[in-house]
Amino acid sequence: MKKGIAASKGYAIGNALIKEENSINVEKRYVKNIYKEEKRFEKALELSKKQLKEIKIKSEREIGSDKAEVFESHIMLLEDEEFAGAVKVKIKIEHINAEAALYDVVSSYIKIFNSMKDEYMKERSTDVKDVGNRILNNLAGQVFPLNEIENDKVVIVAHDLTPSDTALLDKSKVVAFVTDIGGGTSHSSIMARTLEIPAVVGTMDITDSVRNGDLLIVDGVEGTVIVNPDENIIKEYRAKMKAYNMDIDKLKSLADVETVTKSGKKVDILANIGMPQDVEQVLENGGEGIGLFRTEFLYINRTGMPSEEEQFEAYKYVVEKMEDKPVVIRTLDIGGDKKLPYLSLPEEMNPFLGYRAIRLCLDREDIFKPQLRAMLRASAFGNLRIMFPMISSVEEFLRAKDVLKQCMKELEKEGRTFNRNLKIGIMVETPAAAIEAEELSRYVDFFSIGTNDLIQYTLAADRMNEKISYLYNPMHPAVLKLIKKTIDAAHKNGKLCAMCGEMAGDESSIPVLMEYGLDEFSMSASSILRARQIIMEN
Ligand code: PEP
Ligand code: MG
């Protein structure tokens with residue numbers, strides 16, 4: 001049995017599928033039979049094309065045609081005769097193996113793209129790298145598994161899963177995932193809760209203890225994984241699974257009930273989403289609004305920025321689906337563990353403390369403005385609120401608001417409609433914002449406490465690092481003091497205070513947050529009903 005961090009509740013039984021790491025060692029070898037080497041390359045090229053076409057169709061169905069676009073550009077590169085021709089010429093002239101020839105050609109393409117001034121062309125280097133890796137994998141006879149799983153009931157076992165890996169998981173086949181590294185509030189864990197699949201992260205070395213095909217029981221309640229269990233244990237877990245699912249069914253009766261505490265206070269439970277289609281699940285679970293739309297997921301798994309129009313459609317879809325319920329849309333919070341390869345941002349020593357979120361947006365109005373314009377335009381169709389992430393001073397908030405005002409002016413000039421009085425708030429996720437909450441609450445319409453980051457910054461404990469996860473404690477007095485201070489400050493100035501960090505859905509934290517007078521709890525849709533039950537019992 002392996003112990004890790006319980007990242008997403010539930011139980012699953014399935015066969016292990018190990019996600020290989022992407023780094024591939026390429027050795028240059030002299031080959032006599034260049035004809036055979038050329039054929040190997042052609043075969044790998046064809047297989048890559050076939051895989052990408054299948055992935056594209058699947059992605060269109062599951063994550064939308066806009067996101068699937070990235071695969072079309074990969075297919076185009078595979079069909080580019082100049083690219084394939086360059087590899088074959090290299091094999092012939094230098095008498096080298098296909099892997100080495102491919103590696104050299106891909107490297108020279110990457111160099112050329114990277115040296116271009118045009119941002120769009122620069123971004124193409126990531127595509128070339130991805131395609132190159134795929135062909136290399138196929139030459140080595142390996143297949144990148146996440147999108148091409150054949151059997152159902154698979155447990156993905158990986159050293160790590162990025163948020164973009166998780167976004168592509170096929171829920172009809174993947175019943176759980178387990179990783180070596182990561183913490184309970186890393187974005188892959190948050191995604192697992194959204195997908196409602198059990199997950200255990202931070203096991204340290206699960207990839208060393210499991211082979212492809214091993215039978216695994218994933219216990220997302222205790223945070224354990226059992227490798228090749230015997231019949232009795234399987235029976236025991238089947239019973240646990242049944243009881244767990246029955247409990248969930250029972251909770252469903254709370255979907256249409258108002259959340260009122262024993263003392264008669266009405267509390268709102270909202271949901272966090274990453275993609276527009278997640279609203280379905282929110283409505284099914286009786287969410288009273290969207291407390292956090294993590295818009296980053298509209299930007300990942302693709303080759304370039306989503307346009308203003310595309311974003312407008314996504315935001316409009318969500319606000320319309322939620323009817324007059326509040327929808328808090330957060331401006332782009334890229335950085336930390338959420339990366340956008342096509343932005344070609346330099347590697348940073350401390351990504352969570354670096355060029356991210358509002359800092360990047362204020363520096364890149366070419367990215368910020370289209371998003372703000374899309375949000376404003378969508379505000380004409382429902383109860384949309386805008387929220388800025390990672391704010392650490394009043395000045396930063398005022399700068400962001402200023403850009404928003406500029407967008408309002410532009411839209412006015414263009415004769416477009418939007419809600420001029422929409423509410424503008426901030427995430428309180430830096431200790432600086434919590435300490436300055438009283439000052440900030442004079443300027444903003446609402447706060448939403450982002451405990452995932454607030455805890456890591458306050459306790460200097462990386463939310464992604466399993467080795468120090470014991471320090472990552474929502475109940476630490478320093479964290480609780482900052483939370484209370486923030487809620488009190490908001491109330492003092494007549495403002496609403498919500499929480500959208502994972503702590504809001506944490507069963508043991510809810511009673512304390514209620515006592516502090518938190519107005520809105522926003523959490524993964526899968527946590528809503530249990531939270532409602534707890535709040536109603538308190
Ligand atoms: C948070 O930091 O608590 C939060 C909700 O934002 P994210 O998890 O996306 O960083
Ligand atoms: Mg955050």
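"Buried" here means under 20% relative accessible area. Keep that in mind. This is a predicted model, so every value I give is computed from it.

Start with the whole chain. There are 538 residues, and 55% of them are buried. The chain holds 21 helices and 16 strands. How does the radius of gyration agree with a compact globule? For 538 residues, such a globule would come near 24 Å, and the chain has 25 Å, so the two agree. Along the principal axes, the C-alpha atoms fill a box of roughly 80 × 70 × 40 Å.

Now contacts. Take those between residues at least 6 apart in sequence: 68% of them join residues at least 24 apart.

Next, the surface. About 23,400 Å² is accessible. Carbon and sulfur atoms account for 51% of that. As for charge, count 74 positive and 87 negative side chains. The centres of the two sets lie 0 Å apart.

On to the sheets. One open sheet has eight strands, with mixed pairing. Read the order across: β1-β8-β7-β3-β4-β5-β6-β2. Which strands stand at the edges? They are β1, residues 2-3, and β2, residues 5-8. Each has a single partner strand, so one side of each lacks a neighbour in the sheet. Look inside that order at β3, residues 11-18, and β4, residues 154-158. They run parallel, joined by four bridges. Leu17 stands opposite Ile156 in β4.

Now to β11, residues 326-330. Is this strand mostly covered or mostly open? Mostly covered: five of its five residues are buried. In a regular strand, side chains alternate between the two faces of the sheet. See how β11 does it. Pro326, Val328 and Arg330 point one way. Val327 and Ile329 point the other way. All are buried, Arg330 included.

What pairs with β11? Strand β10, residues 290-294, runs parallel to β11, with three bridges between them. There, Phe293 has Ile329 as its bridge partner. Strand β12, residues 383-388, also pairs with β11 in the parallel sense, over five bridges. In that pairing, Pro326 is matched with Asn383.

Last stop: Ile269, in strand β9, residues 268-273. Its relative accessible area is 0%, so Ile269 is buried. What is Ile269 in contact with, beyond four places in sequence? Among its contacts are Thr259, Gly287, Glu288 and Gly289. Others come from further along the chain, including Phe521, Met523, Ile528 and Ile535. Compare Arg416: 147 residues along the chain from Ile269, with 33 Å between their C-alpha atoms.

Methods. Residues are numbered from 1 along each chain as its sequence is written. Chains are lettered from A and ligands numbered from 1 in the order in which they are written. Side-chain values use heavy atoms; hydrogens and water are left out. Helices (H or I, at least four residues) and strands (E, at least two) are DSSP runs, numbered from the N terminus. The radius of gyration is taken over C-alpha atoms; the globule rule is 2.2 Å times the number of residues to the power 0.38. Buried means under 20% relative accessible area, exposed over 50%, partly exposed in between (1.4 Å probe, protein chains only). Contact means heavy atoms within 4.5 Å. Accessible areas come from the Shrake-Rupley method with a 1.4 Å probe; for residues, only the protein chains shown count as cover. Lys and Arg count as positive and Asp and Glu as negative; His and the chain ends are not counted. The place of a charge is taken as NZ of Lys, CZ of Arg, CG of Asp or CD of Glu. Two strands pair if DSSP finds at least two bridges between them.
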